[in-house]
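Reader: Could you walk me through this protein chain? I'm a first-year student, so please take it step by step.
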Amino acid sequence: MRLKSFGLAAVLALMLAPAALAQTPVEISADTFTVEESAQQAVFTGNVVVKHPTANVWADKVVASYGEGGTSDIKTFEATGNVRIETDDQNATGERAVFTPSDQLMRLTGNVKVTNAGGTVNAEELVVNLETNVSTFTAKQGGRVTGVFTSQ
């Protein structure tokens, strides 16, 4: 099964880069949106939907933590609760997804399931390194990563 760059990381990179925001519309909807200046966080809660032309993300809650540079200085982007990421050729689910722009790593954890035309992989954690384009699936302690693959 050939796993392509993970959709959430691509969406987050596009959402958080100011130049990309100017060029590509990203729609975010939620039941509530709160900016916590003292904590330097933007928090979307309740039925969060992130729509981008190349991917969609659903979660119960999304928190963007930023530094002194404001929203152009994103430290982490975290989606929690019933996380689902969908691209044209791939669907991934888990309990928590965290993207850190500083190291270009995206981690999806908690009952991870990734499905595409080549098959399905189940694991406890998926780490995608956007710099090296390497995806690593890990099992729970004592468990195993499992997959069902379709020959093409």
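Author: Let us begin with one pair of charged residues, keeping in mind that the model is predicted: Glu 86 and Arg 84 form a salt bridge, with the closest N and O atoms 2.8 Å apart.

Reader: Ok, and is Glu 86 buried or exposed, or something in between?
Author: Glu 86 counts as partly exposed, since its relative accessibility is 28%, and Arg 84 likewise counts as partly exposed, at 30% relative accessibility.

Reader: How many salt bridges are there by this rule?
Author: The count comes to 3 salt bridges, and another of them joins the side chains of Asp 73 and Lys 75, where the N to O distance is 3.4 Å. Asp 73 is partly exposed, with a relative accessible area of 24%, while Lys 75 is partly exposed with a relative accessible area of 45%.

Reader: Which residue does Arg 96 form a salt bridge with?
Author: Arg 96 forms a salt bridge with Glu 78, and the closest N and O atoms of that pair are 2.5 Å apart. This pair links distant parts of the chain, because Arg 96 lies in strand S6 and Glu 78 in strand S5, 18 residues apart.

Reader: Let's change topic. What pattern does the chain follow along the sequence?
Author: The chain has 2 helices and 10 strands, and, read along the sequence, both helices come before the strands, in the pattern α-α-β-β-β-β-β-β-β-β-β-β.

Reader: And which residues touch the most other members of the largest nonpolar core?
Author: That core has 26 residues, and the ones touching the most other members are Val 62, Val 83, Leu 108 and Leu 126. The elements giving two or more residues to this core are strands S3 (41-52), S4 (55-67), S5 (70-87), S6 (90-100), S7 (105-116) and S8 (119-129).

Reader: Why would nonpolar side chains be buried together?
Author: As a general tendency, nonpolar side chains in soluble globular proteins tend to be buried together.

Reader: Going back to Val 83, what does Val 83 touch?
Author: Leaving aside residues up to four places away in sequence, Val 83 touches Trp 58, Ala 59, Ala 92, Thr 93, Gly 94, Glu 95, Arg 96, Ala 97 and Leu 108. Among these neighbours is Arg 96, which is also the salt-bridge partner of Glu 78.

Reader: Last one: what share of the chain is buried, and how much area is exposed?
Author: Buried residues make up 39% of the 152 residues, whereas the chain exposes about 8300 Å², of which carbon and sulfur atoms supply 48%.

Conventions. Residues are numbered from 1 along each chain as its sequence is written. This is a predicted model: local features need pLDDT of at least 70, side-chain atom pairs count only at pLDDT 80 or more; totals for chains, interfaces and linings use all residues. Side-chain values use heavy atoms; hydrogens and water are left out. Helices (H or I, at least four residues) and strands (E, at least two) are DSSP runs, numbered from the N terminus. Buried means under 20% relative accessible area, exposed over 50%, partly exposed in between (1.4 Å probe, protein chains only). Accessible areas come from the Shrake-Rupley method with a 1.4 Å probe; for residues, only the protein chains shown count as cover. A nonpolar core is a set of buried Ala, Val, Leu, Ile, Met, Phe, Trp, Tyr and Cys residues joined through side-chain atoms within 4.5 Å. Contact means heavy atoms within 4.5 Å. A salt bridge is a side-chain nitrogen of Lys or Arg within 4 Å of a carboxyl oxygen of Asp or Glu.
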